[in-house]
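Have a look at the sequence and the 3D structure first. Then work through the questions below.

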Amino acid sequence: MASGQLSRAEALTREGVRHACHVMLYCDTRSKLFQRTPIGHIVLMQMRFDGLLGFPGGLVDPGESLEAGLSREVMEETGVALVFSEEDHMASCFAPTTSGPPSTPPLITHFYVKKMEEDQIRAMEIAGPSRAVDHGLESAASVPHAPHHARPNGWQAALRCRTQLLRVSTMCQ
């Protein structure tokens, strides 16, 4: 495994860490951009608290399973209830926290991929602003998202993890 990468099982054995889960929700499509360029796939992303695009998800509460935490976060952020399973899990990345109070426990991020139908993805785009409890509220929060945080001396690990996630996402094609 690449540096910083963990198996799901290994990540769950770590003590004194926080877990965050994020998911790439996607579908195949025959839609065309400007009625001429085939799109191929639609990927649901959202504006993060820092103005960048990211995947839905967030911190898992203590005592909550990874999949239950991801389902809760997706419901809060998109307004749509989805069920996730271990089969949707693609990668885990150990990302030690270097900013914040010294007592902040390290973070392990987990990345999931779930294929949906196009009508489900489009319904989620519409539902978010009207039904999501936390829609638009993360701009005032300090919520860690998929492992692309700006950390002093942590960019190499973050880039390795991001590269691994991109490799995982291309396997879905």
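The questions and answers below deal with a predicted model.

Q: In what order do the elements of the protein chain run from the N terminus on?
A: The protein chain has four helices and eight strands. Read from the N terminus on, the order is β-α-β-β-β-β-β-α-β-β-α-α.

Q: What percentage of the residues of the protein chain count as buried?
A: A residue is buried if its relative accessible area is under 20%. The protein chain has 173 residues. Of these, the share that counts as buried is 43%.

Q: What share of the exposed area of the protein chain do carbon and sulfur atoms supply?
A: The protein chain exposes about 9,700 Å². Carbon and sulfur atoms supply part of that area, namely 57%.

Q: Which strand gives the most residues to the largest nonpolar core?
A: The largest nonpolar core has 18 residues. The elements that give two or more residues to this core are β2, β3, α2 and α3. With four residues, the element that gives the most is β2.

Q: Which residues have the most contacts inside the largest nonpolar core?
A: Take L25 as an example. Leaving out residues up to four places away in sequence, L25 touches I42, V43, L44, L82, F84, K114, M116, I121 and M124. Inside the core, the residues with the most contacts are L25, L82 and M124.

Q: How many residues are in the second, separate core?
A: This core includes M24, Y26, F55 and F111. Its full number of residues is five.

Q: How many bridges join strand β2 to strand β3?
A: Strand β2 covers residues 18–33, and strand β3 covers residues 37–44. The two pair in the antiparallel sense. One residue pair to look for is K32 opposite P38 in β3. The number of bridges is seven.

Q: Which residue in the hairpin of β2 and β3 takes a positive phi?
A: This hairpin has three residues between the strands. A positive phi near 55° is taken by F34.

Q: What is the bridge partner of C93 in β8?
A: Strand β7 pairs with two strands. Two bridges join β7 to the antiparallel β1, where Q5 stands opposite C93. Six bridges join β7 to β8, which also run antiparallel. In β8, the partner of C93 is T109.

Q: How many of the seven residues of β7 are buried?
A: Strand β7 is mostly covered. The number of its residues that are buried is five.

Q: Why does the salt bridge of E67 and R8 tie together parts that are apart in sequence?
A: The side chains of E67 and R8 meet in a salt bridge, N to O at 2.9 Å. E67 lies in helix α2 and R8 in helix α1, so the pair ties together parts that are 59 residues apart in sequence.

Q: With which residue does R8 form a salt bridge whose closest N and O atoms are 3.7 Å apart?
A: R8 lies in helix α1, and this partner lies in the loop between α2 and β7. The two are 78 residues apart. R8 itself is buried, at a relative accessible area of 16%. The partner is E86.

Q: Are E118 and R122 buried, partly exposed or exposed?
A: E118 and R122 both lie in helix α3, four residues apart, or about one turn of the helix. Their side chains meet in a salt bridge at 2.8 Å. The relative accessibility of E118 is 22%, and that of R122 is 37%. Values between 20% and 50% fall in one class, so both count as partly exposed.

Q: Is E73 buried or exposed?
A: E73 is found in helix α2. Salt bridges that share partners join D61, E64, R72, E73 and E76 into one network. Beyond its neighbours within four places in sequence, E73 is in contact with G57, G58 and L59. Its relative accessibility is 8%, under the 20% limit, so E73 counts as buried.

Q: Is M47 buried or exposed?
A: M47 is found in strand β4. V43, M45, M47 and L53 form a nonpolar patch on the surface, with about 380 Å² of accessible area together. The relative accessible area of M47 is 56%, over the 50% limit, so M47 is exposed.

Terms used: Residues are numbered from 1 along each chain as its sequence is written. This is a predicted model: local features need pLDDT of at least 70, side-chain atom pairs count only at pLDDT 80 or more; totals for chains, interfaces and linings use all residues. Side-chain values use heavy atoms; hydrogens and water are left out. A salt bridge is a side-chain nitrogen of Lys or Arg within 4 Å of a carboxyl oxygen of Asp or Glu. Buried means under 20% relative accessible area, exposed over 50%, partly exposed in between (1.4 Å probe, protein chains only). Two strands pair if DSSP finds at least two bridges between them. Accessible areas come from the Shrake-Rupley method with a 1.4 Å probe; for residues, only the protein chains shown count as cover. Patches are made of residues with over 30% relative accessible area and no salt bridge: like charges are joined within 9 Å, nonpolar side chains (Val, Leu, Ile, Met, Phe, Trp, Tyr) within 5 Å. Contact means heavy atoms within 4.5 Å. A nonpolar core is a set of buried Ala, Val, Leu, Ile, Met, Phe, Trp, Tyr and Cys residues joined through side-chain atoms within 4.5 Å.
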